[in-house]
Amino acid sequence: MKVSLIQQEFKGSKEKTVAHTLEMIKKSSGELVILEELHQSEYFCKCEDTKFFDYAESFEKDVEFWKNVSKEQDIVLVTSLFEKVMDGIYYNTAVVFDRGKLVGTYRKTHIPDDPGFYEKFYFTPGDKIEPIYTSVGKLGVLVCWDQWYPEPARIMALKGAEVLIYPTAIGWLMCPEDRRDELCEKENTLEEKEKMLNAWTSVQRGHAVANGVYVIAVNRVGKEKDPSNVLGGIEFWGRSFIYGPQGEIIKMAGDKEEIIEADIDLKKASEVRKIWPFFRDRRIELYECINRRYC
């Protein structure tokens with residue numbers, strides 16, 4: 001099947017951003033189209049402000065909108081939306097549509113709380129890790145911070161996921177222009193930036209190899225200022241990618257808006273697992289400790 005990754009920047013408003021996303025989807029040619037994390041708005045977790053909870057009020061309307069897009073374009077579409085369950089309970093939710101049908105959701109499980117990424121203020125952790133069945137395959141949809149953990153990737157693979165998918169919002173902190181910030185300056189040397197980017201791609205490449213699956217990450221691009229002015233903001237680095245089941249680079253984007261597309265063969269992953277039978281050789285009787293916070 002052909003997959004299309006929509007890597008874009010925030011356009012200043014939800015209306016302009018959604019319109020631009022729709023145009024990019026129409027230009028794509030994949031059966032499976034994947035959007036980045038929280039793609040309708042700015043990445044609002046740069047600061048803690050209750051006004052941003054209003055973004056989740058339109059969740060049901062947003063679901064209907066993207067469901068219609070998937071029908072009109074005849075695609076399987078992976079979206080990333082801000083979900084309100086009730087006042088005080090909100091989720092960072094990936095919603096998957098299959099040619100006009102809502103076929104599954106995944107609520108982000110691992111929630112960060114770091115300078116510029118104050119997600120614990122906004123999101124309740126999800127409570128299940130289950131693949132989503134679609135007409136193009138069994139998708140293991142996870143979200144951003146989940147990508148640093150081997151456990152959800154392995155669980156998805158053990159439950160039959162053929163592709164791991166990570167809508168993502170990650171980048172480098174931008175230092176405030178009007179004052180010196182030692183933490184920001186330390187994290188923004190060219191050497192440190194390269195380390196961060198390499199770590200991000202390497203850990204997910206490892207998920208592909210260890211589980212014998214394709215791994216896809218779709219990241220934001222562009223610079224977004226911190227409205228609280230505590231930090232300068234975030235420069236999202238893009239570099240969306242597709243890795244094959246042996247860790248081979250199939251496609252990688254740059255740091256600008258673009259659509260990256262590739263054909264992937266799910267049968268290849270099955271053949272790789274026959275050659276590298278990592279699941280066969282797991283010593284599950286020794287893994288009890290993994291259920292504890294520390295051993």
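# A guided tour of the predicted model

Begin by selecting tryptophan 200, which is found in helix H5. The structure on the screen is a predicted model. With a relative accessible area of 0%, tryptophan 200 is buried, since buried means under 20%. Now display its surroundings. Leaving aside neighbours within four places in sequence, tryptophan 200 is in contact with Gln147, Trp148, Thr168, Ile170, Ala217, Asn219, Trp237, Gly238, Arg239 and Phe241. For a sense of distance, add tyrosine 91: the C-alpha atoms of tryptophan 200 and tyrosine 91 are separated by 23 Å, and the two residues lie 109 places apart along the chain.

**The contact between two helices**

Next, select helix H5 (190-211) and helix H3 (150-158) together. The axes of H3 and H5 come within 10 Å and cross at roughly 35°. The crossing in which H3 passes H5 is right-handed. Which residues of H3 and H5 meet? On the side of H3, select Pro150, Ala153, Arg154 and Ala157; on the side of H5, select His207, Ala210 and Asn211. The residues of this contact divide into four nonpolar, two polar and one charged.

**The largest pocket**

Keep H3 in view and turn to the largest pocket, which has a volume of about 530 Å³. Its lining is made up of 16 residues, and those nearest the centre are Pro150, Glu151, Ile155, Ile290 and Asn291. Helices H3 and H5 are the elements that give two or more residues to this lining. The largest share, five residues, comes from H3. Colouring the lining of the largest pocket by class shows seven nonpolar, four polar and five charged residues.

**The second largest pocket**

Move now to the second largest pocket, where about 380 Å³ of space lies. Of the 19 residues that line the second largest pocket, select the closest to its centre: Asp114, Phe117, Trp145, Ile170 and Met196. Strand S11 (171-174), helix H4 (182-187) and H5 are the elements that give two or more residues to this lining. By class, the lining of the second largest pocket has 14 nonpolar residues, one polar residue and four charged residues.

**Alanine 161**

Select alanine 161, in the loop between H3 and strand S10 (163-168). Is alanine 161 buried or exposed? Its relative accessible area is 2%, so alanine 161 is buried. Not counting residues up to four places away in sequence, alanine 161 touches Pro131, Lys138, Leu139, Gly140, Met156, Val213 and Arg273. Lysine 108 is 53 residues from alanine 161 in sequence, and the two are 17 Å apart in space, C-alpha to C-alpha.

**Phenylalanine 123**

The next selection is phenylalanine 123, in the loop between strand S7 (117-118) and strand S8 (132-134). Phenylalanine 123 counts as buried, at 4% relative accessibility. Show the residues in contact with phenylalanine 123, leaving aside those within four places in sequence: Leu38, Phe44, Cys45, Phe82, Tyr90, Tyr91, Asn92 and Ile111. Between phenylalanine 123 and aspartate 146 there are 14 Å, C-alpha to C-alpha, and the two are 23 residues apart in sequence.

**Two loop residues with positive phi**

Where is aspartate 74 placed? Look in the loop between helix H2 (59-73) and strand S3 (76-86). Aspartate 74 has a phi near 55°, a positive value in a residue other than glycine. Aspartate 74 is partly exposed, with a relative accessible area of 47%.

Then select arginine 99, in the loop between strand S4 (89-98) and strand S5 (101-107). Although arginine 99 is not a glycine, its phi is positive, at about 50°. Arginine 99 counts as partly exposed at 28% relative accessibility, because that category lies between the cut-offs of 20% and 50%.

**Threonine 17**

The last stop is threonine 17, in helix H1 (residues 14-27). At 1% relative accessibility, threonine 17 counts as buried. Which residues are in contact with threonine 17, leaving aside its neighbours within four places in sequence? Select Gln8, Glu9, Phe10, Lys11, Gly12, His39 and Gln40 to display them. Finally, add arginine 292, which is 275 residues from threonine 17 in sequence. The C-alpha atoms of threonine 17 and arginine 292 are 42 Å apart in space.

Conventions: Residues are numbered from 1 along each chain as its sequence is written. This is a predicted model: local features need pLDDT of at least 70, side-chain atom pairs count only at pLDDT 80 or more; totals for chains, interfaces and linings use all residues. Side-chain values use heavy atoms; hydrogens and water are left out. On a 1 Å grid over the protein atoms alone, a cavity is a set of points where a 1.4 Å probe fits but cannot get out, and a pocket is an open set with protein on both sides within 12 Å along at least five of seven lines; lining residues have an atom within 4 Å of a point. Grid points are joined across faces, edges and corners, and a volume is the space filled by probe spheres set on the points. Helices (H or I, at least four residues) and strands (E, at least two) are DSSP runs, numbered from the N terminus. Ala, Val, Leu, Ile, Met, Phe, Trp, Tyr, Cys and Pro count as nonpolar, Asp, Glu, Lys and Arg as charged, and the others, Gly among them, as polar. Buried means under 20% relative accessible area, exposed over 50%, partly exposed in between (1.4 Å probe, protein chains only). Contact means heavy atoms within 4.5 Å. Axes are lines fitted to C-alpha atoms, for helices over the stretch in contact, and angles run from 0 to 180 degrees between N-to-C directions. A crossing is left-handed if the near helix is turned anticlockwise from the far one by less than a right angle, and right-handed if clockwise.
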